[in-house]
Amino acid sequence: GFNISLHDLEIRAHQAEKILKKQKKVRVQLRLRGREKAFGEMAKGKISQFLEILGKQTPIKIDRDLKREPRGFTIIISKQ
């Protein structure tokens, strides 16, 4: 798995695509720091943007839905 910050979605989508070529599943974590923790909706938006970008590059499916964790959100995806 790896972390995505709120600004480098395209780069991370590309990295996720590479990882998915090698292994079946990827755990994507969006870490929120300090005040960002209040922006739950924004974070969910970023994750869906990320999945959209990634979905254009490679067909994916969600293995485990977006889950709120103390430090942010995680979602587990795999290749279709």
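**Salt bridges**

I began by searching the whole structure, a predicted model, for salt bridges, and the search came back with five.

I looked at aspartate 8 first. Its side chain meets that of arginine 12 in a salt bridge, at 3.7 Å from N to O. Are these two buried or exposed? Aspartate 8 counts as buried because its relative accessibility is 14%, under the 20% cut-off. Arginine 12, at 22%, counts as partly exposed.

Next I went to aspartate 63, which forms a salt bridge with lysine 25; their closest N and O atoms are 3.4 Å apart. Aspartate 63 lies in strand S3 and lysine 25 in strand S2 (residues 25-31), so this pair ties together parts that are 38 residues apart in sequence. I checked accessibility here as well: aspartate 63 is partly exposed at 31%, and lysine 25 is partly exposed at 46%.

Then I followed arginine 27. Its side chain and that of glutamate 69 meet in a salt bridge, 3.9 Å from N to O. Arginine 27 belongs to S2 and glutamate 69 to S3, so the parts tied together by this pair are 42 residues apart in sequence. Arginine 27 has a relative accessible area of 37%, which makes it partly exposed. I also noted that Arg27, Arg64 and Glu69 are linked in a network of salt bridges.

**Strands S3 and S4**

With S3 already on the page, I asked how many bridges join S3 to S4. I found seven, between S3 (residues 60-69) and S4 (residues 72-79), and the two strands run antiparallel. A hairpin of two residues connects S3 to S4. To fix the register in my mind, I noted that lysine 61 stands opposite serine 78 in S4.

**The nonpolar core**

I turned to the largest nonpolar core, which has 18 residues. Which residues have the most contacts inside it? They are Leu20, Val28, Phe50, Leu51, Leu54, Ile75 and Ile77. Helix H1 (9-22), S2, helix H2 (40-57) and S4 each supply at least two residues of this core. H2 gives the largest share, six residues.

I picked isoleucine 77 for a closer look. Not counting residues up to four places away in sequence, isoleucine 77 touches Leu20, Lys24, Lys25, Val26, Val28, Leu51, Leu54, Lys61, Ile62 and Asp63. Lys25 and Asp63 in that list are familiar to me from the salt bridge they form.

**Helix H2**

I went on to H2 itself, which has 18 residues and reaches 26 Å from its first C-alpha to its last, close to the 26 Å expected at 1.5 Å a residue. Its buried residues are Gly40, Ala43, Ile47, Phe50, Leu51, Ile53 and Leu54. Seen down the axis of H2, the buried residues fall within an arc of 165°, so they line one face of the helix. A reminder to myself: an α-helix has 3.6 residues a turn, so residues three or four places apart point the same way. What does the face of H2 turned away from the buried side carry? There I found the exposed residues Glu41, Glu52 and Lys56.

**Helix H1**

I ran the same checks on H1. Its 14 residues should span 20 Å at 1.5 Å a residue, and its end C-alpha atoms are 20 Å apart, which agrees. Leu9, Ala13, Ala16, Glu17 and Leu20 are the buried residues I listed in H1. They cover an arc of only 105° around the axis, which puts them on the same side of H1. On the other side of H1, Ile11, Lys21 and Lys22 are exposed.

**Where H1 meets H2**

Alanine 13, in H1, was my way into this pairing. Alanine 13 is buried, with a relative accessible area of 0%. Which residues is alanine 13 in contact with, leaving aside its neighbours within four places in sequence? I found Phe50, Ile53, Leu54 and Gln57. Of these, Phe50, Ile53 and Leu54 are among the buried residues of H2. I also took a C-alpha distance: alanine 13 and leucine 51 are 7.7 Å apart in space and 38 residues apart in sequence.

My last stop was glutamine 15, also placed in H1. Glutamine 15 counts as partly exposed at 31% relative accessibility. Its C-alpha and that of leucine 54 are separated by 9.5 Å, and the two residues are 39 residues apart along the chain.

Note on methods: Residues numbered from 1 in each chain as written. Predicted model: local features only at pLDDT ≥ 70, side-chain atom pairs only at ≥ 80, totals over all residues. Heavy atoms only, no water. Pairing = 2+ DSSP bridges. Helix = DSSP H or I, 4+ residues; strand = E, 2+ residues; numbered from the N terminus. Salt bridge = Lys/Arg side-chain N within 4 Å of Asp/Glu carboxyl O. Buried < 20%, exposed > 50% of the residue type's maximum accessible area, 1.4 Å probe, protein only. Core = buried A, V, L, I, M, F, W, Y, C linked by side-chain atoms within 4.5 Å. Contact = heavy atoms within 4.5 Å. Expected span 1.5 Å × (residues − 1). Arc of directions from axis to C-beta.
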